Amino acid sequence: MSESKVPRLTTSVDVMFFDTDCAAVVHNLAYLRFIETNRTLLTGQLGMGLSDMALSGVYPVVVRSEVDYRKPAALGDTLEALVLPR
């Protein structure tokens, strides 16, 4: 599949209190939740909603995740999560 035809989705995520540690900095597990949310939205955009997955028993999975920590994300920040299917 050519690079221009690879489906992708960027989702804005507002950092909530439960995403942070006691210093109000996003903890590592929250980044995985952001990625999983984006994956679910992308599969819906590709025509495979949650109910379709449940009926078919086919569930796309995240096989690799990568986070580029450019600076600490904190409570109240808005982040962008990008999913690139293989």
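**Start with the whole chain.** Buried residues account for 24% of the 86 residues in the chain. You are looking at a predicted model. Turn it slowly. The C-alpha atoms fill a box of roughly 40 × 30 × 20 Å along the principal axes.

**Switch to the cartoon view.** Count the elements: 2 helices and 2 strands. Now trace the chain from the N terminus. The order is β-α-α-β.

Select these residue ranges in turn:

- 9-14 is β1.
- 28-45 is α1.
- 50-56 is α2.
- 78-83 is β2.

**Show the contacts.** Take the contacts in the chain with a separation of 6 or more. Residues 24 or more positions apart make up 71% of them.

**Turn on the surface.** The accessible surface of the chain is about 6,400 Å². Carbon and sulfur atoms hold 59% of that surface.

**Color the charges.** The chain carries 8 positive and 10 negative charges. How many ångströms apart are the mean positions of the two sets? They lie 7 Å apart.

**Go to the largest pocket.** A general idea helps here. Rolling a probe the size of a water molecule over the atoms shows where empty space is left. The largest pocket holds about 1,200 Å³ of space. Its lining has 31 residues, and I35, E66, A81, L82 and V83 are the closest to its centre. Select those five and zoom in.

Which element gives the most to the lining of this pocket? Select α1: it supplies 6 residues. Then add β2 to the selection. Both α1 and β2 provide at least two residues of the lining.

**Select A24.** This residue sits in the loop between β1 and α1. Check the backbone here. The phi of A24 is positive, about 65 degrees, although A24 is not a glycine. Is A24 buried, exposed or partly exposed? Its relative accessibility is 27%, so A24 counts as partly exposed. The cut-offs behind that word are 20% and 50%, with partly exposed in between.

**Move on to V63.** Find V63 in the loop between α2 and β2. V63 counts as exposed because its relative accessibility is 59%. The cut-off for exposed is over 50%.

**Finish with a distance.** Keep V63 selected and add F34. The two are 29 residues apart in sequence. Draw a line from C-alpha to C-alpha: V63 and F34 are 15 Å apart in space.

Notes
Residues numbered from 1 in each chain as written. Predicted model: local features only at pLDDT ≥ 70, side-chain atom pairs only at ≥ 80, totals over all residues. Heavy atoms only, no water. Helix = DSSP H or I, 4+ residues; strand = E, 2+ residues; numbered from the N terminus. Buried < 20%, exposed > 50% of the residue type's maximum accessible area, 1.4 Å probe, protein only. Contact = heavy atoms within 4.5 Å. Areas by Shrake-Rupley, 256 points an atom, 1.4 Å probe, with all protein chains shown as cover. Lys, Arg positive; Asp, Glu negative; His and termini not counted. Charge placed at Lys NZ, Arg CZ, Asp CG, Glu CD. 1 Å grid on protein atoms, 1.4 Å probe; cavity = no way out; pocket = protein on both sides within 12 Å on 5 of 7 lines; lining within 4 Å. Points joined across faces, edges and corners; volume = space filled by probe spheres on them.
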